[in-house]
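Hi,

Here is the structure I promised to pass on. Please have a look at it first, and then read my notes below.

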Amino acid sequence: MKYKSIREEELKNKVGEDFFANFDTTEILGNIDFTVFPKQHDMFGRTPLLWAEAKTGDYDIPTMFVQLILTIGKARTFDKTLPPAFLGAFDFKKIAFVPYMSVQDIFYMNDFNWNVTPSNHDTREFLLIKERVEATLKQHTYTFDYEKDEKELRHFIKNNIAKATDTSKIKIDKNNFVPIYLRWLEIVKPIIDVQWDDLKKANILDSDFYLADLFVDDKDTATIADDTSIRENLFVIFQHSGYKIAKENLKQMFDATITIRHKDTYQAFWKHYKRPPIKEFQDYIIERRDRLVPQDIRERKGAFFTPRKWVELSQKYIADTLGEDWQDEYYVWDCAAGTGNLLAGLTNKYNIYASTLDQADVNVMHERIAHGANLLKNHVFQFDFLNDDFSKLPQSLQDIINNPEKRKKLVIYINPPYAEGDNVRGIGRKNVHISKTHDKYLKELGRASGELFAQFFARIYVEIPNSVLAEFSKLKILQAPNFSDFRQFFRAKLENFFVVPADTFDNVSGDFPIGFFVWNLTQKEIFTETITDVYDAKGNFLGNKLIPSYDNSKYISDWLEKNSKNISTNYIAHLASVGNDFQNQRMIFIDNEDKEHWKKGGRHTRISAENLIHASVYFAVRKIIPANWLNDRDQFLFPSEPRLSQDSKDLHDFVSNPENQDNLEKIKVQDVIEFQNDCLAYTLFSNNISTKYGVNHWLPFTEQEVDAQEKFESRFMTEFLAGKVTRGCNPLSEQSLFDTPNTARGHAPLLSHKLSFSAEAQTVFRAGRELWKYYHAAGNNKGACPLATGTHNVNASLYDIREYFQGRNDKGKMNNKSTDETYNTLVGNLRKELKTLSKKIEPKVYEYGFLRG
């Protein structure tokens, strides 16, 4: 085989030298393995010719392409640069190409989770993509064997890859108008002779100039003035080799033609592209101009499109709350309408009002009305809800708002902007989201004042009282500490509620829930908790979930801090942690790095014998339950005194006997002991301790138990487990997990005792012992593991053992598996038993009050 038994980096270099010597293959583009660019540079940069996945070994072609597609989709590389003519995949034996255009539609799936690890071939997402593209790949893929098809391969590269940029102008469509805009920002924007800050204050953005450029014919001179629908939706138009502001209320302010300083640069740039955009995509580009707006401004304007399935579901929940005839009995006002997609499906146009910040969006809705949308033109209007006075509203809507009885029949139905002041780096919250509403309700909103949707709700609550608010928003309105003042101010009854994954909304990324809420503003009550309906990304009902408010709560971080004071300086490890919720789960780890190597930010807790149990409980509680979109904002709390577990019938019968009441407290204590020891067992086999950073005090076995050939440097952990080390959590001595340790300096130390473990924890120890024994046996058998990256270390931690057998790739990342199948089996058994132990611990996390659910 041509490239057998070489590393991935060497494979990429060889393929580049042997077949792409006339190109530049050195450019690194995100996590894409291999890129091909023309060697020639021009003032506009270079258009990529090929993005490829590289693999050592012999892989099937669809698998390689799927990993490449997931890599591109996860980083949304196509939004940052123009995509190439071809995608590729190669291993040591063969190389394959597929035209990018044949698979590009897959990148625009609305309900797909792109945040999975591309190299994990077992995920649902990987298999879904593979199933979807296999037929396309069979039809459009060109595959070549390096040796058998060398002549054909070189011919293909010369006549296809090399000529990819020599074709006619690039046509502009819905998939490439964003990356073309990003290139336009670099080349054209700097040569437009205008004060951008002045325009931004008037709500004119650079993207408006880009749209003006797009909707010009290919002679660079004449506008498409005959197309009224497009012209009326442009804030800026291209005219007389320059730009004119087209917004009616700004024409006098910006009356002069805005010129282009270097017209040769402008013309050279647009020679690459065919204008105007393809006819069938023109309406889409105008409607989706939000994709061109910077993230902070896009959020400020509220340009988040609500998926149709959630629009339909929200209207069902409104009907369930207000009655099936609600559209005839109630008025509806979407005061953050955008282009009105939230109103799709409503039937009584005489009761519907829609307003939005931008006139261009109003024009889009008016155009839709002309084509049959079920709205009244005079009920659709421009209105800045956070700044404008209600006197600017249509008289019929004013009549509803000003009439107390009619106002009770008004539904404010919105998906408001989700902007956060902290999203704009370096600019204070007040400077970002300043508005009349912000100033007016600053005191009532408290720390939530920078949130646009909170500003919307404040004005609705006070100035349209006793109405119905039906809205999409994040769950922070119910749970976030920053919204505690808001919850005291916004007193309304939550009548109905469902949650869905946030990433199903256009332009929203992240694994967290977005809720739809129906609030009755007539009934005044402070939110404490509710039960919500839960739907998955496809709209399937999953069940119910408790959503509590955490006002006046103490958190698990408070508990850890309380129990880590005044410990000795005989540190054995370091616990890193961030926040108190699931979204920070990946930031929780235990290692033995020195303080100077600790990552900045978060919380750092030293671990010694006195707080080892508490640190282990904290670690296990925050790690054993996988984080997902639904629990993302759930908070871990200061534990409460445990209730007696009712899982065991024998235990229940025992407690029910009056003669046994004196032993009840002892039973509860024993329950806690087992829980904390389970947590310790989990932590012993789930940490990042490494001999690379110092002495390993976390060896859970003696030398004899694992057949070690040398004495261990530290026997701290086995002596701790055997009760030979003074420690700080001893429920048998009038102290439980839920008390402050009395081991502070100056206090008498607690008596120690040998720890006893549950059957599940003992199984974890047995699985771990077999793995350690195999490692020590391998150390006595030189060459037993070809991927070993260093010498055998008698003091090795679990992390060291994994590194020894699994090795690292050429990027320094630990491999997922080892070539040693016995090791794979042993470590797999350990992980399996840890999962079993986690399932045992999980209900106690709720029983002891660490989580509410």
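Below are my notes on cysteines, cavities and one hairpin.

Before the details: this is a predicted model, in which local features need pLDDT of at least 70 and side-chain atom pairs count only at pLDDT 80 or more, while totals for chains, interfaces and linings use all residues. Residues are numbered from 1 along each chain as its sequence is written, and side-chain values use heavy atoms, with hydrogens and water left out.

Cysteines: searching the whole structure for disulfides (a pair of cysteine sulfur atoms within 2.5 Å) gave zero. C335 counts as buried (under 20% relative accessible area, 1.4 Å probe, protein chains only) because its relative accessibility is 3%. C679 is also buried, at 0%.

Cavities: there are five of 30 Å³ or more, a cavity being a set of points on a 1 Å grid over the protein atoms alone where a 1.4 Å probe fits but cannot get out. The volume, meaning the space filled by probe spheres set on the points, is about 50 Å³ for the second largest cavity. Its lining (residues with an atom within 4 Å of a point) consists of L684, N687, I689, N696, W698, W772, S797 and L798. Five of these are nonpolar, three are polar and none is charged.

Hairpin: strands β18 (residues 529–535) and β19 (residues 541–548) pair in the antiparallel sense over seven bridges; pairing requires at least two DSSP bridges, and strands are DSSP runs (E) of at least two residues, numbered from the N terminus. T532 stands opposite K545 in β19. Five residues lie between the strands, and G539 takes a positive phi near 90 degrees in this hairpin.

Best wishes

Notes. Buried means under 20% relative accessible area, exposed over 50%, partly exposed in between (1.4 Å probe, protein chains only). On a 1 Å grid over the protein atoms alone, a cavity is a set of points where a 1.4 Å probe fits but cannot get out, and a pocket is an open set with protein on both sides within 12 Å along at least five of seven lines; lining residues have an atom within 4 Å of a point. Ala, Val, Leu, Ile, Met, Phe, Trp, Tyr, Cys and Pro count as nonpolar, Asp, Glu, Lys and Arg as charged, and the others, Gly among them, as polar. Helices (H or I, at least four residues) and strands (E, at least two) are DSSP runs, numbered from the N terminus.
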